[in-house]
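This briefing introduces a structure to a reader who has not seen it before. It begins with the overall layout and then goes through the parts by topic.

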Amino acid sequence: MSFQIDCPNCGTRGVWEFHYGGAAGKSRPPLSADAAEWTDYIYNKENLRGVQTEWWTHRSACKLWFLVERNTATNEVLSSRRYSVPPRQEEPAG
Ligand SMILES: [Zn+2]
């Protein structure tokens with residue numbers, strides 16, 4: 001398995017400089033969730049064949065965690081980008 005990833009800080013490098021952090025998008029359960037929900041969150045992965053968004057970190061250089069859109073069947077990297085926290089929704093004044 002050899003392909004290249006574009007780090008938002010450092011540019012394009014070989015995949016061996018990075019560490020895979022899992023598929024993105026699975027929401028963390030609330031603290032009040034039962035053991036079954038936590039078990040599902042931690043251990044049950046979709047293992048999708050095709051394009052998915054994933055967490056990667058540039059472990060050999062800047063240590064940045066960022067998102068990569070990759071085809072898991074071909075290892076083609078379609079895009080990479082920094083994660084940005086969505087703006088917080090304000091509670092309506094009541
Ligand atoms: Zn980097």
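How many helices and strands does the secondary structure of the protein chain come to? In this predicted model, the protein chain has 1 helix and 6 strands. Read from the N terminus, the order of the elements is β-β-β-α-β-β-β. The radius of gyration is 16 Å, well over the 12 Å that the globule rule gives for 94 residues, so the protein chain is more spread out than a compact globule.

**Overall dimensions and packing**

- Taken along the principal axes, the box filled by the C-alpha atoms of the protein chain is roughly 50 × 35 × 25 Å.
- Of the 94 residues in the protein chain, 9% are buried.
- Among contacts with a separation of 6 or more, 50% are between residues 24 or more positions apart.

**The sheet**

- An open sheet is formed by 4 strands in the order β3-β4-β5-β6, with antiparallel pairing.
- The edges of this sheet are β3 (19-23) and β6 (77-82); each has a single partner strand, so one side of each is left without a neighbour in the sheet.
- From one strand to the next, the twist averages 30°.
- In a regular strand, side chains alternate between the two faces of the sheet.

**Strand pairs within the sheet**

- β3 and β4 run antiparallel and are joined by 4 bridges.
- In this pair, H19 has T57 in β4 as its bridge partner.
- T57 also stands opposite W65 in β5.
- The antiparallel pairing of strand β4 (residues 51-57) with strand β5 (residues 65-71) extends over 7 bridges.
- E54 has V68 in β5 as its bridge partner.
- β5 and β6 are paired in the antiparallel sense over 5 bridges.
- Opposite E69 stands S79 in β6.
- The edge strand β6 is hardly covered: among its 6 residues, the count of buried residues is 0.

**The nonpolar core**

- Which residues make up the largest nonpolar core? This core has 6 residues, namely I5, C7, F18, W56, F66 and V68.
- Two or more residues of this core come from each of β1 (4-7) and β5.
- V68, a member of this core, is also the bridge partner of E54.
- Leaving aside residues up to four places away in sequence, F66 touches P8, W56, S80, R81, R82 and Y83.
- Of these contacts of F66, W56 is one, and W56 belongs to the largest nonpolar core as well.

**The loop between β4 and β5**

- H58 has its place in the loop between β4 and β5.
- Is H58 buried or partly exposed? H58 counts as partly exposed because it has 19 C-beta neighbours inside 10 Å, while a buried residue needs 20 or more.
- Leaving aside residues up to four places away in sequence, H58 touches C7, N9, C10, E17, F18, K63 and L64.
- Two of these residues touched by H58, C7 and F18, are members of the largest nonpolar core.
- I5, another residue of that core, is 53 residues from H58 in sequence, yet the two are 9.3 Å apart in space, C-alpha to C-alpha.
- K63 also lies in the loop between β4 and β5.
- K63 counts as exposed, because it has 10 C-beta neighbours inside 10 Å.
- K63 is not a glycine, although its phi is positive, at about 70°.

**The loop between β5 and β6**

- The hairpin of β5 and β6 has 5 residues between the strands.
- Which residue in this hairpin takes a positive phi? N75 does, with a value near 65°, and N75 is a residue other than glycine.
- N75 is found in the loop between β5 and β6.
- N75 is partly exposed, because 13 other C-beta atoms lie within 10 Å.
- N75 and V51 are 24 residues apart along the chain, and their C-alpha atoms are separated by 9.2 Å.

Conventions:
Residues numbered from 1 in each chain as written. Predicted model: local features only at pLDDT ≥ 70, side-chain atom pairs only at ≥ 80, totals over all residues. Rg over C-alpha atoms; globule rule 2.2 N^0.38 Å. Buried ≥ 20, exposed ≤ 12 C-beta atoms within 10 Å, placed from the backbone. Contact = placed C-beta atoms within 7 Å. Pairing = 2+ DSSP bridges. Axes fitted to C-alpha atoms, helices over the stretch in contact; angles between N-to-C directions. Core = buried A, V, L, I, M, F, W, Y, C linked by C-beta atoms within 7 Å.
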